[in-house]
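Here is a friendly walk through a structure, meant to be read with the model open beside you. Please keep the sequence and the 3D view at hand.

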Amino acid sequence: MRRFVIPILACLSVASGQAVSDPAPPPPGLTERFFWNQLDYAYPTPQMRAAALNSQEFVPKNNLPVGIEVWNNKLFISVPRWDKGVPSTLNFVPLEDEYGHPLPPISNAPLIPYPDWETNQMGAPCKNRLNTVYRMRADECGRLWVLDSGTIGIGDTTQQVCPYGLHVYDLNTNQQIHYYQLQASDTNKDSFIANIVVDVGGNCSDTHVYASDELGYGLIVYSLDKDFSWRFDHQYFHPDPVAGDYNIGLNYQWSEEGIFAMELTPVQPDGSKTLLFHPLSSYRNFFVSTNILKDQSKAISKNYFHDFSYFPDLGPNFHITTQVIHNGVLYKNLIDQNALGCWRLDKDYTPANHAIITKEDTSFIYPSDLRITKTGTLWAITDRMPIHLMATLDFKDINFRIFSGDANQLVAGTICDPYLQAPPKPQPSAYNYHRYDPEYKTNYYPESVSPYRTPLKPVKEYD
Ligand SMILES: *[C@@H]1O[C@H](CO)[C@@H](O)[C@H](O)[C@H]1NC(C)=O
């Protein structure tokens with residue numbers, strides 16, 4: 001990402017220094033759960049907080065939340081160390097009070113370092129420290145998978161103080177249960193890896209993690225069983241050169257941002273899943289079977305170009321950084337439109353089959369991460385990231401918000417509604433389906449690997 005100095009756009013600001021309520025309405029269908037003027041942390045004592053402010057170990061204006069995850073009554077929040085004064089990169093806020101009751105909307109809730117303060121210190125020992133976390137993902141085995149980029153700084157200021165590492169925590173005991181340091185061959189000189197997806201197979205040791213190298217243009221596969229990793233390189237991981245222009249409050253170019261948003265389909269009849277992946281500066285999804293990714297010999301052979309496939313281009317205003325699948329419906333953050341969008345997996349991947357499910361132009365600026373729980377609650381964080389990166393946030397204003405809503409209700413009545421009658425089965429055509437067929441020397445999309453094989457009836461995922 002490049003830094004530009006651009007005049008800040010006018011923001012609605014609250015009259016007093018400390019907000020007590022949010023003057024901006026939530027997007028329809030979502031409930032505001034947390035909101036912040038600026039981030040704060042749960043220091044053990046007020047004296048320690050004052051000392052951290054004084055020593056600039058904590059510089060509130062440099063703290064921007066980027067990723068979320070939800071597990072039981074914890075809402076995890078990551079804060080990258082892009083600048084000095086970020087005291088803790090992996091944190092949580094409780095979703096319930098001590099009696100197990102859901103909490104009302106909370107302003108400026110202090111973040112609690114996870115699993116503790118010590119782990120969130122920088123530098124050595126790298127296996128026990130978290131430097132910068134962008135995304136963390138909980139799995140159905142009660143584990144939290146955390147990718148530490150090992151970096152401090154952003155762009156040209158980046159220092160690699162630790163190697164890229166996967167840290168795994170037992171969510172029931174809050175203990176670290178595994179650490180894996182990415183191999184030198186998993187990255188290259190341009191690597192910037194922020195996002196992961198976790199793929200649990202038939203049992204908890206049969207787990208793979210896919211990590212996207214956004215600026216080095218790779219996909220890294222980690223096998224827990226083998227405790228080993230390998231890398232795929234493919235031109236589909238690159239940005240689309242015509243999709244690097246953004247208008248999100250201000251105009252800027254992210255011309256280099258490759259593969260970022262990823263999501264797995266439910267298990268298909270052959271036991272595989274399909275990984276959908278989307279370069280950030282692109283208007284389309286690409287996809288590959290997890291059978292290919294899990295096959296280390298494929299990666300070594302370099303003979304996998306035609307195992308990767310792509311959907312048609314959706315056109316401007318379809319930049320995304322997150323996509324999540326629930327009940328046969330893909331939910332995505334439309335960062336250009338202050339909106340959430342959807343697409344039902346059994347329909348053709350065309351703009352007409354995409355719908356905007358909610359949008360709001362003040363409270364929903366840059367929805368940077370989305371999650372959907374097993375019970376169908378969608379969570380979204382908005383953080384005005386481009387304004388933070390390329391101008392300055394007004395900390396009298398409310399800048400960061402977390403919302404929740406019912407995923408099925410959000411798409412009810414839209415073209416993505418999973419309870420509406422199934423559409424006719426799509427017929428393969430050269431335009432809609434792009435999988436290379438060596439026999440016909442053409443691009444089509446065989447049913448056997450199609451994410452369209454997702455049952456048309458709403459499916460229950462890992463309940
Ligand atoms: C877990 O699944 C893998 C892959 O199917 C299998 O090889 C392994 O034996 C299983 N482990 C256990 C403990 O069941």
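T31 stands opposite S404 in β29. T31 belongs to strand β1 (residues 31-36), which runs antiparallel to β29 and is joined to β29 by five bridges. Strands here are DSSP runs of E with at least two residues, helices are runs of H or I with at least four residues, and both are numbered from the N terminus. Two strands pair if DSSP finds at least two bridges between them.

Before going further, note that this is a predicted model, in which local features need pLDDT of at least 70, side-chain atom pairs count only at pLDDT 80 or more, and totals for chains, interfaces and linings use all residues. Residues are numbered from 1 along each chain as its sequence is written.

**The sheet around β29**

β29 also pairs with strand β28 (residues 377-382), in the antiparallel sense and over six bridges. There, L378 has G405 of β29 as its bridge partner. On the other hand, β1 and β5 pair in the parallel sense over two bridges, and F34 is matched with I106 in β5. Put together, five strands form an open sheet of mixed pairing, in the order β5-β1-β29-β28-β27. Because β5 (106-107) and β27 (367-372) each have a single partner strand, they stand at the edges, and one side of each is left without a neighbour in the sheet.

How many of the seven residues of β29 (residues 400-406) are buried? Six of them are, so the strand is mostly covered, where buried means that 20 or more other C-beta atoms, placed from the backbone, lie within 10 Å of a residue's own; exposed means 12 or fewer, and partly exposed is in between. α1 is hardly covered: the count of buried residues among its ten residues is zero.

**Backbone oddities**

Most residues other than glycine have a negative phi, and most peptide bonds are trans. The table lists four places that depart from this.

| Site | Backbone feature | Value |
|---|---|---|
| Y114 to P115 | cis peptide bond | omega near -10 degrees |
| A124 to P125 | cis peptide bond | omega near -5 degrees |
| Q56 | positive phi | about 65 degrees |
| N327 | positive phi | about 60 degrees |

P115 sits in the loop between β6 (112-113) and β7 (133-138), and P125 is found in the loop between β6 and β7 as well. Q56 comes just after α1, in the loop between α1 (46-55) and β2 (67-71). Q56 counts as exposed because it has 10 C-beta neighbours inside 10 Å. N327 lies in the loop between β23 (323-326) and β24 (329-334), and N327 is buried, with 23 other C-beta atoms within 10 Å.

**Nonpolar cores**

A nonpolar core is a set of buried Ala, Val, Leu, Ile, Met, Phe, Trp, Tyr and Cys residues joined through C-beta atoms within 7 Å. The largest one has 108 residues, of which W145, V146, Y210, L275 and Y331 touch the most other members. Apart from it lies another core, of five residues, including Y246, Y252, I387 and M390.

**Around the ligand**

Which residues are around the ligand? They are G201, G202, N203, S205 and D206, each having its C-beta atom, placed from the backbone, within 6 Å of the molecule. By class, this shell has no nonpolar, four polar and one charged residues. Here Ala, Val, Leu, Ile, Met, Phe, Trp, Tyr, Cys and Pro count as nonpolar, Asp, Glu, Lys and Arg as charged, and the others, Gly among them, as polar.
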